[in-house]
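Good morning, colleagues. Please take a moment to look at the sequence and the model on the screen before I begin.

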Amino acid sequence: MTLSYDLYWSFRSPYSYMVTPRLMALEQDYDVACNVRPVYPLAVRTPEFFEQQDPLWVTYFMTDVFREAAYLGLPFRWPRPDPVQRSMDEGYRIPQPYIHRLTHLGVAATERGGGLAFLTEVSRTIWGGEVDNWHEGDHLARAAERAGLDFAELAAAVDADTARFAGVVEENQVAQRAAGHWGVPMMVFGGEAFFGQDRFDQLKWRLEAAGLARR
């Protein structure tokens, strides 16, 4: 029997980027399916979240993401440009052309059966440190191609019905909170939420207990 779990994931989350290679390997090696459910980042959903944090939160976060990427052996650099835009006056309360479209593309890729591969390839393009201006040229198209998808077709679908894709993301966000948390990456299996890329081993442990079988 194929086991399945839900994945709540954001293109602006470095930790989401860090967990995708392990989730890809899990699906390749074991009879398990990942139900990808892209969400907008907290900076867009709840911009006041960052305004309320102790200043040490940012200092620790910026130390930890580089350390964790090095520990996992993953290339890492803060994206150029950041998928979420910020102004000095309004913070994150400004139009967000990059992250909305990225998230909608993730939904479209999922609907075509290539969600996890798309997240993996695009997040590597954005966070892996080799690409400047990931939003220009053919960078996203080549990432989609590596995931086995037609970027032009994805983009056309997203641009033709923005409201529908935004609605799917909103449904994902409601389901995420109902499952027990608001952060990403968050995996949900058997009604149990596993928040954070460092909960991958616990997720696999639960799957194994439920009969996870090698392919």
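I shall speak about the sheet, then the largest pocket, and finally two threonines.

Please bear in mind throughout that this is a predicted model.

Let me begin with the sheet. As general background, the strands of a sheet pair through backbone hydrogen bonds, and this pairing may be parallel or antiparallel. Here we have an open sheet of four strands, and its pairing is mixed. In what order do the strands lie? Reading across the sheet, the order is S2-S1-S3-S4. The edges are formed by strand S2, residues 32–38, and strand S4, residues 192–195, each of which pairs on one side only. From one strand to the next, the twist averages 25 degrees.

Within this sheet, I would draw your attention to one pair of strands. Strand S1, residues 3–9, and strand S3, residues 186–189, run antiparallel and are joined by three bridges. One residue to look for in that region is Asp 6, whose bridge partner in S3 is Val 188. Helix H9, residues 162–179, packs on the sheet and touches S1, S2, S3 and S4. The direction of helix H9 makes about 115 degrees with that of S2.

I turn now to the largest pocket, which has a volume of about 940 Å³. Its lining comprises 34 residues. Which of them lie nearest the centre? They are Tyr 15, Phe 49, Phe 50, Trp 57 and Phe 61. Two or more lining residues come from each of helix H1 (14–29), helix H2 (42–45), helix H3 (48–51) and helix H4 (55–72). Helix H4 gives the most, with seven residues. By character, the lining divides into 19 nonpolar, seven polar and eight charged residues.

Finally, I come to the two threonines. Thr 20 lies in helix H1, whereas Thr 120 has its place in helix H6, residues 115–127. Is Thr 20 buried or exposed? Thr 20 counts as buried, because its relative accessibility is 0%. Thr 120 also counts as buried, because its relative accessibility is 5%, and the cut-off for buried is under 20%.

Setting aside neighbours within four places in sequence, Thr 20 is in contact with Trp 9, Leu 119, Thr 120 and Ser 123. On the same basis, Thr 120 is in contact with Thr 20 and Met 24. As for distances along the fold, Thr 20 and Arg 37 are 17 residues apart along the chain, and their C-alpha atoms are separated by 13 Å.

Thank you for your attention.

Conventions. Residues numbered from 1 in each chain as written. Predicted model: local features only at pLDDT ≥ 70, side-chain atom pairs only at ≥ 80, totals over all residues. Heavy atoms only, no water. Pairing = 2+ DSSP bridges. Axes fitted to C-alpha atoms, helices over the stretch in contact; angles between N-to-C directions. Contact = heavy atoms within 4.5 Å. 1 Å grid on protein atoms, 1.4 Å probe; cavity = no way out; pocket = protein on both sides within 12 Å on 5 of 7 lines; lining within 4 Å. Points joined across faces, edges and corners; volume = space filled by probe spheres on them. Nonpolar A, V, L, I, M, F, W, Y, C, P; charged D, E, K, R; others polar. Buried < 20%, exposed > 50% of the residue type's maximum accessible area, 1.4 Å probe, protein only.
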